[in-house]
Amino acid sequence: MSLRPTLDFLLYDWLDAQALNQRERFADHSRETFDAVLDTCERIAREKYAPFNRIVDLQEPHFDGEKVVLPQATHDAHKAFVDSGMMSAAQDYDIGGMQLPYTLQAAANSFFAMASVSIGSNMLTSGNANLLMVHGTEMQKEVFAKNEFSGRWAGTMCLSEPQAGSSLSDVATRAVPDGADFQDDPLGPRYRLTGNKMWISSGDHELTENIVHIVLAKIPDENGKLVPGTRGISLFIVPKRMVDTRGDLTGERNDVALAGLNHKLGWRGTTNTLLNFGEGRYPVDGKAGAIGYLVGSPGKGLHCMFHMMNEARIGVGTAATMLGMAGYYASLDYARTRPQGRAVQKAGADGGVVKDSARPQVRIIEHADVRRMLLAQKAYCEGALALELYCARLVDEQKTGNAQAADDARLLLEVLTPIAKSWPSEWCLEANSLAIQIHGGYGYTRDFPVEQYWRDNRLNMIHEGTHGIQAADLLGRKVLMEEGRGMKLLAGRIGDTIARAARVPELAPHARALGEALERVGSATQAAWATGDPQAALANAVPYMQAFGHTVLAWIWLDVAEKALALDAPKSAASTAGRTGAAAYFFRYELPKIGAWLNVVESRDPTCTELPEEAF
Ligand SMILES: Cc1cc2nc3c(=O)[nH]c(=O)nc-3n(C[C@H](O)[C@H](O)[C@H](O)COP(=O)(O)OP(=O)(O)OC[C@H]3O[C@@H](n4cnc5c(N)ncnc54)[C@H](O)[C@@H]3O)c2cc1C
């Protein structure tokens with residue numbers, strides 16, 4: 001099975017990505033240059049990532065007393081990725097980028113996520129550098145961002161602390177001005193940081209000569225107290241090794257110490273670390289305290305960080321999707337070759353099922369239940385891929401569209417980002433579970449790759465804002481913001497698809513069902529907030545997000561199916577049958593689930609909130 005035809009259909013036929021080259025920024029590009037990028041990434045993923053996916057799972061990163069050791073394959077994959085130029089693909093020509101649309105970058109990166117999600121730590125590095133390009137000073141861009149884009153240095157994102165994960169307002173890392181002349185450092189106002197950062201991905205390794213940590217910390221007030229809440233949070237660049245203004249290493253270590261490696265369920269190719277800042281193990285100028293350079297204004301750290309988080313959330317959604325896709329392809333191959341059991345034939349004398357054991361066994365793809373599990377995976381994963389690419393296309397629209405289109409894209413992204421992150425994390429994980437099920441007992445062993453896909457994918461509901469936090473963001477903020485304008489905009493887009501699909505006889509029943517679902521989500525949103533009490537409204541935020549997500553995916557599938565039928569007028573291609581079949585599956589088996597989810601939302605059901613703690 002190849003991902004490419006699906007990707008090509010979604011990019012070029014459905015999203016008309018080729019038309020992006022009519023924008024000034026992308027004018028040098030064409031279908032040929034887009035295809036060349038996809039070809040290169042597909043090849044690197046096939047040669048340098050996929051063959052080593054099991055190796056990086058088995059050879060977890062370890063600390064040899066001096067440094068973190070990773071398998072050679074990880075070094076080779078990193079080098080191949082950097083050499084391809086993909087780290088800075090979307091950046092301007094004058095800093096070595098390709099001015100590639102983000103839509104194409106996201107599509108190209110999907111090959112790596114499918115081949116070996118944990119071997120590369122590239123998403124964090126490019127996200128970190130992108131943030132500095134927006135919020136950093138010219139010097140910070142020159143010294144830090146450019147060296148990250150070139151692959152010479154890597155980047156991290158240091159938000160979480162042992163006691164502050166979902167609740168970043170409780171961050172306790174402190175940053176105090178370093179000397180009276182702290183404002184005069186050309187790399188940015190210089191502070192000394194002390195504190196602990198937990199769960200930091202790629203927090204230590206030898207893949208690159210330096211690591212650029214982007215760290216959230218609080219600057220104490222004049223009484224030495226940390227300002228409560230998120231208002232007091234600032235953002236700092238904290239390099240692992242000290243550098244000068246030319247970007248050369250000074251030879252001195254910064255006071256950032258590896259306190260330990262976390263041993264994870266999956267995603268084992270990437271190190272995950274507890275880092276101690278400023279404990280005095282590596283004093284700088286004879287003093288304890290990690291040197292950090294302020295990015296942006298004091299107190300605006302979270303605002304800057306969110307710039308990185310939206311694209312990171314699309315990245316997480318894409319990773320979850322591609323792990324789901326890897327499991328789908330593996331289980332499809334398996335189901336096509338595994339002989340087991342016979343077809344149900346006729347009723348026996350007692351009315352039960354009879355099977356003729358003299359006949360040869362059938363391949364398991366011939367069993368109805370296995371076909372159900374395959375079609376569920378296809379509907380989850382190809383639907384999720386379409387959603388991620390749609391969101392990536394909105395990112396391009398926001399950056400290069402006219403004022404109205406850009407603002408609409410911004411608002412749509414606000415509403416869709418929690419879905420783009422959470423929906424694949426839940427349903428492409430379910431796809432991985434079905435892939436294991438199709439393999440039977442073999443799926444539960446390490447002789448087949450599907451158990452690793454499930455373990456790797458299980459992270460995605462946790463990091464970058466847990467499921468619960470995404471749901472609270474959606475129902476508590478995104479559908480209400482700007483007087484519900486984002487929600488109305490989304491409803492308008494869904495309405496356009498419904499109107500087009502209603503004219504296609506095969507799709508008309510789906511169009512009606514989607515119209516009803518949309519109305520129900522709208523009324524449930526109002527019912528949830530009917531009393532204005534956030535406790536009651538948000539008590540069932542996750543079921544709300546599940547229903548919202550399923551409605552969005554039904555829309556995506558209807559739109560995809562409508563386009564597939566319009567392009568393939570005789571409806572002869574197997575790919576068209578696959579797309580309309582997956583859409584039909586989604587409408588018949590999945591969309592009806594929203595009723596149960598929305599029942600508890602509409603009634604602000606208190607079953608969970610009111611149960612006394614002792615009764616659990
Ligand atoms: C492998 C891995 C890699 C990671 N990489 C990074 C990284 O590079 N950088 C980084 O900064 N962090 C990283 N993280 C941290 C990750 O973002 C946090 O684990 C996550 O935000 C949850 O925080 P926590 O673990 O403290 O759990 P908690 O916040 O304690 O949450 C525990 C449970 O309580 C729920 N909960 C908490 N608060 C609420 C609430 N207000 N309403 C409803 N439910 C709530 C959560 O949804 C969750 O189910 C990583 C984590 C892992 C496991």
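How many nonpolar, polar and charged residues does the shell around the ligand have? Let us take that one first and then walk through the rest of the structure.

1. **The shell by class.** By class, the residues around the ligand divide into 8 nonpolar, 7 polar and 2 charged. Please keep in mind as you read that this is a predicted model.

2. **Who comes nearest.** There are 17 residues around the ligand, and Met157, Ser160, Ser166, Trp199 and Thr466 are the ones that come nearest. It is worth finding these five residues in the viewer before you go on.

3. **Polar contacts with the ligand.** Two of the contacts to look at use the protein backbone. A polar backbone atom of methionine 157 sits 2.7 Å from a nitrogen atom of the ligand, and a polar backbone atom of leucine 159 is 2.9 Å from an oxygen atom of the ligand. Serine 160 takes part through its side chain: a polar atom there lies 2.8 Å from a nitrogen atom of the ligand. As for cover, the ligand taken alone exposes 970 Å², and the protein buries 61% of that.

4. **Which elements build the shell.** Two strands, β3 (153–158) and β5 (190–201), each give two or more residues to the shell around the ligand. The largest share comes from β5, with 3 residues.

5. **Helix α9, checked with a ruler.** Here is a sum you can follow yourself. Helix α9 covers residues 368–400, which makes 33 residues, and at 1.5 Å a residue it should span 48 Å. The C-alpha atoms at its ends are 47 Å apart, which agrees with that expectation. This helix is also mostly covered, with 26 of its 33 residues buried.

6. **Helix α6, checked similarly.** With 14 residues at 1.5 Å each, α6 should span 20 Å, and its end C-alpha atoms are indeed 20 Å apart. Is α6 largely enclosed or largely open? It is largely enclosed by the rest of the structure, because 10 of its 14 residues are buried. Among the buried residues of α6 are Asn122, Leu124, Gly127 and Leu132.

7. **Threonine 137, just past α6.** This residue is found in the loop between α6 (122–135) and α7 (138–149). Threonine 137 has a relative accessible area of 37%, so it counts as partly exposed, between the limits of 20% and 50%. From threonine 137 to tyrosine 444 is 307 residues in sequence and 51 Å in space, C-alpha to C-alpha.

8. **Glycine 324, inside helix α8.** Where does glycine 324 sit? Its place is in helix α8, which runs over residues 301–337. Its relative accessibility is 0%, so glycine 324 counts as buried. Setting aside neighbours within four places in sequence, glycine 324 is in contact with Cys381, Cys428, Asn432 and Asn457. Alanine 257 is 67 residues from glycine 324 in sequence, and their C-alpha atoms are 36 Å apart.

9. **Two glutamines to compare.** Glutamine 452 belongs to helix α11 (residues 450–457) and is buried, with a relative accessible area of 2%. Not counting residues up to four places away in sequence, glutamine 452 touches Asn53, Arg54 and Asp57. Glutamine 437 is found in helix α10 (residues 403–438) and counts as exposed, at 55% relative accessibility. The C-alpha atoms of glutamine 437 and arginine 174 are separated by 49 Å, with their positions 263 residues apart along the chain.

10. **Two backbone angles to look at.** Most residues other than glycine have a negative phi. Tryptophan 267, which is not a glycine, has a positive phi of about 50°. Tryptophan 267 lies in the loop between β10 (256–261) and β11 (272–277) and counts as buried, at 13% relative accessibility. Arginine 604 also has a positive phi, near 50°. Its place is in the loop between α18 (594–602) and α19 (607–610), and arginine 604 is partly exposed, with a relative accessible area of 25%.

Key
Residues are numbered from 1 along each chain as its sequence is written. This is a predicted model: local features need pLDDT of at least 70, side-chain atom pairs count only at pLDDT 80 or more; totals for chains, interfaces and linings use all residues. Side-chain values use heavy atoms; hydrogens and water are left out. Helices (H or I, at least four residues) and strands (E, at least two) are DSSP runs, numbered from the N terminus. The expected span of a helix is 1.5 Å times one less than its number of residues. Buried means under 20% relative accessible area, exposed over 50%, partly exposed in between (1.4 Å probe, protein chains only). A residue is near a molecule or strand if one of its heavy atoms lies within 4 Å of it. A polar contact is a pair of N or O atoms within 3.5 Å; within protein, one must be able to donate a hydrogen and the other to accept it, and residues adjacent in sequence count only if both atoms are side-chain atoms. Accessible areas come from the Shrake-Rupley method with a 1.4 Å probe; for residues, only the protein chains shown count as cover. Ala, Val, Leu, Ile, Met, Phe, Trp, Tyr, Cys and Pro count as nonpolar, Asp, Glu, Lys and Arg as charged, and the others, Gly among them, as polar. Contact means heavy atoms within 4.5 Å.
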